[in-house]
Amino acid sequence: MSLTINTNITAMSAQRNLNASAMKSQSSLMKLSSGSRISSAKDDAASLTVASGLKLDIASLRAASANISQAASMLQIADGGLGQIGDILGRMQTLASTAQSDQISNTERGFINTEYSNLVNEVTRIANATEYNGIELLSGTTGVGASLETNAIGTNVEAADGFVALTFDANKRADGEAVTIAFDENTNVFTVTALDGAGGNALVAQSLDLDDFGGAIPDGQTVDLNFADVGVTIRLSADFDDTAAINANNEVTIQNAAAGQQGTQLVFKVGVAATDTITANINGSTAGQLGIDATSVTTRVNADAAVTAIETAQSRINSNRANLGALMSRLDFANANVGIQIENMEAARSTLQDTDVAEEMTRFTSQQVLVQAGVSMLAQANQQPALLLRLLQ
């Protein structure tokens, strides 16, 4: 190797190695100070992509956990209201049983009926006043529903063919009515027609183009088709085949779980996917929906009828509370599952993204030694041209 004054190759090499060591030392310092193994996409683009996806899922799961807690609170409020109504029915049963006995006259029965009538009104008041965030839970005015599994609904309108749910606006549709669902596979247009419950006469119809909702539904997602004019919402899943013809005679009868009881349907998001939902159907519990609004104890005959009506109403309350209890138990397990998912996803994200402090500190110390050595060697290399001047003496 020749020795020159104009070009100091040794210094250039030392400087290059010093810059490399400094950059590695700076990278380690950034990772240690941020706690993240991936300070920029160039560090590990693949891991960054996966970790970002996990972070979004974790955010969704944390929101789902909050949803579940609020859902449990809603159901507890509804259960509390039903419990109070049950207590009132117990008092009404006592009054009616007293009125059944002939040791009192109709005059005394009239006095008893005063309290009885007030309790009937109180049942309705509690049902209407039991709410959460403005949502009435026991009034039964939110909507009515039809079961896709039990009602006679036509050959191609069923859950297996992508029809997740049908819900009805109680302000526009009523028990005993029906709707027909038709689909044109050539135009991708749904047509829903409401029919009266007597002669099957058409009341109102509306058409919607599935293409306006994105066409084919992606796997794991659902789409709601809201036929607002008819008061019908159809929820479709990816199982729906938009090339299959659905005839116009696929009729759905609007029928509630208990005759005369409209229900409130609540859908809670409990997971990441669009289909991760739990649906709660709460039957209305006003005096009219329980069948006790027209009862009285003014006579022995009326008292006999009131006792029968109260027993039926109590049975409905018990059934409703049992349903709420089952849903709350399900929500508890759903919440536990969400907690486990969050923990496991955080562990997976941490493996991909978080810095191993001990390993990175070891690497940083090594790079710091190299930086110090590089500075020393660069100083030595810069002295070589000066040493060559001695040859000229």
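User: Take a salt bridge as a side-chain nitrogen of Lys or Arg within 4 Å of a carboxyl oxygen of Asp or Glu. How many salt bridges does a search of the whole structure find?

Analyst: The model is a predicted one. Asp-79 and Arg-321 give one such bridge, with their closest N and O atoms 2.8 Å apart. Searched as a whole, the structure has this many salt bridges: 7.

User: How many residues apart are Asp-79 and Arg-321?

Analyst: Asp-79 sits in helix H2 and Arg-321 in helix H5. Asp-79 is buried, at 18% relative accessible area, while Arg-321 is partly exposed at 34%. Their salt bridge links distant parts of the chain, and the separation in residues is 242.

User: Which helix holds both Glu-122 and Arg-125?

Analyst: The two form a salt bridge, the closest N and O atoms being 2.7 Å apart. Glu-122 is partly exposed at 25% relative accessibility, and Arg-125 is partly exposed at 47%. About one helical turn separates them, because they are 3 residues apart in helix H3.

User: Arg-349 and Glu-346 are linked in a network of salt bridges with which residue?

Analyst: The Arg-349 and Glu-346 side chains meet in a salt bridge of 3.2 Å, N to O. They lie 3 residues apart in helix H5, so about one helical turn separates them. Arg-349 is buried at 15% relative accessible area, whereas Glu-346 is partly exposed at 24%. The other residue in their network is Arg-62.

User: Which element gives the largest share of the largest nonpolar core?

Analyst: This core has 52 residues, and Ile-85, Met-92 and Ile-292 touch the most other members. Elements giving two or more residues to the core include helix H3 (106-129), strand E11 (263-269) and helix H5 (300-353). The largest share is 17 residues, and the element supplying them is H2.

User: Leaving aside neighbours within four places in sequence, which residues are in contact with Ile-85?

Analyst: Ile-85 is one of the three residues that touch the most other members of the largest core. Contact is set at heavy atoms within 4.5 Å. With neighbours within four places left aside, the residues are Val-123, Ile-126, Ala-127, Leu-138, Ser-285, Leu-290 and Ile-317.

User: How many residues are in the second, separate core?

Analyst: Leu-166 and Leu-208 are among the members of this core. Phe-227 and Leu-236 are also included. The number of residues is 20.

User: Over how many bridges do E5 and strand E6 pair?

Analyst: Strand E5 spans residues 178-184 and is mostly covered, with 6 of its 7 residues buried. Its partner E6 spans residues 189-195. Ala-182 stands opposite Thr-191 in E6. The pairing is antiparallel, and the number of bridges is 7.

User: What is the angle between the planes of Phe-183 and Phe-190?

Analyst: Phe-183 and Phe-190 are both buried. Their ring centres are 4.6 Å apart. Planes under 30 degrees apart would count as stacked and over 60 as edge-to-face, so this pair falls in the tilted class. The angle is 45°.

User: Is Asn-188 buried or exposed?

Analyst: Asn-188 is in the loop between E5 and E6, a hairpin with 4 residues between the strands. Most residues other than glycine have a negative phi. Asn-188 instead has a positive phi near 60°. Its relative accessible area is 11%, so this residue is buried.

User: What is the relative accessible area of Asn-133?

Analyst: Asn-133 lies in the loop between strand E1 (131-132) and strand E2 (135-136). Its phi is positive, near 55°. Over 50% counts as exposed. Asn-133 is exposed, and its relative accessible area is 71%.

User: How far apart in space are Thr-187 and Asp-211, C-alpha to C-alpha?

Analyst: Thr-187 is in the loop between E5 and E6 and counts as partly exposed, at 39% relative accessibility. Leaving aside neighbours within four places in sequence, Thr-187 is in contact with Asp-209 and Asp-211. Thr-187 and Asp-211 are 24 residues apart in sequence, and their distance in space is 8.8 Å.

User: What is the relative accessible area of Asn-320?

Analyst: Asn-320 has its place in helix H5. Leaving aside neighbours within four places in sequence, Asn-320 is in contact with Leu-82, Ile-282, Asn-283 and Ser-285. Asn-320 counts as buried, with a relative accessible area of 3%.

Terms used: Residues are numbered from 1 along each chain as its sequence is written. This is a predicted model: local features need pLDDT of at least 70, side-chain atom pairs count only at pLDDT 80 or more; totals for chains, interfaces and linings use all residues. Side-chain values use heavy atoms; hydrogens and water are left out. A nonpolar core is a set of buried Ala, Val, Leu, Ile, Met, Phe, Trp, Tyr and Cys residues joined through side-chain atoms within 4.5 Å. Buried means under 20% relative accessible area, exposed over 50%, partly exposed in between (1.4 Å probe, protein chains only). Two strands pair if DSSP finds at least two bridges between them. Rings of Phe, Tyr and Trp (its six-membered ring) pair if their centres lie within 6.5 Å; planes under 30 degrees apart count as stacked, over 60 as edge-to-face and the rest as tilted.
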